[in-house]
Amino acid sequence: MLKIGWDLVWTIINLIVLYLLMKKFLIGPVTGIMEKRKALIASQLDNAKAVQEKAEALKGQYEHALSSAKEESAQIIEDAKADAKQMSEGIVKNANLQAAKIIDTAKNTAEQERKNAMQGAKTEIAALAMEAAKKLLSDGSSEKGNHMLYDEFLAKAGDANDTDLN
């Protein structure tokens, strides 16, 4: 049979004590450090996920702000084009009004000059008629002389049916 010696019992007891001491002072702290390290890594991963989600949200906000800025700039350009068109139409309308005023003034001036010319012509005709009457009265009343004066008057005054003012 097998005989168990005291040396073997002491070695087993020493091994059990060594195992218990190692478990208490070596394996326990190492396991605790590993658990803390595991918890730290898990919290860092959670923080990284939160930071990434926040970055995605900020990216979305920036993209939205950029698109709204593009829309706003397009609207500003449209408004500027509309204002420029309205201004140009106003300038053209004002120029047309001024041109119409200038044309009306020119027409009125031409009409006034025509009236002045007609008045001058009437005055000259009256003067010629007065001169013809003086000659008739001074020369006597011969029929032939009257016809000559009449013809001379018509030659100087123009034909009575002449309506060409130019």
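**Exercise 1.** With which residue does Arg 114 form a salt bridge, and how far apart are the closest N and O atoms?

*Solution.* The structure is a predicted model, and the pairing is read from its side chains. As a general step, side chains of opposite charge can pair when their charged atoms come close. The partner of Arg 114 is Glu 111, with the closest N and O atoms 2.8 Å apart, and this distance is to be set against the cut-off of within 4 Å. By this rule the count for the model comes to 1 salt bridge.

**Exercise 2.** Where do Arg 114 and Glu 111 lie, and how many residues apart are they?

*Solution.* Both residues belong to helix α1, which covers residues 6-139, and they are 3 residues apart, about one turn of the helix. Arg 114 has a relative accessible area of 36% and is partly exposed, while Glu 111, at 33%, is also partly exposed.

**Exercise 3.** How many helices and strands does the protein chain have?

*Solution.* The protein chain has 2 helices and 0 strands, and of its 166 residues 2% count as buried.

How values were computed: Residues numbered from 1 in each chain as written. Predicted model: local features only at pLDDT ≥ 70, side-chain atom pairs only at ≥ 80, totals over all residues. Heavy atoms only, no water. Helix = DSSP H or I, 4+ residues; strand = E, 2+ residues; numbered from the N terminus. Buried < 20%, exposed > 50% of the residue type's maximum accessible area, 1.4 Å probe, protein only. Salt bridge = Lys/Arg side-chain N within 4 Å of Asp/Glu carboxyl O.
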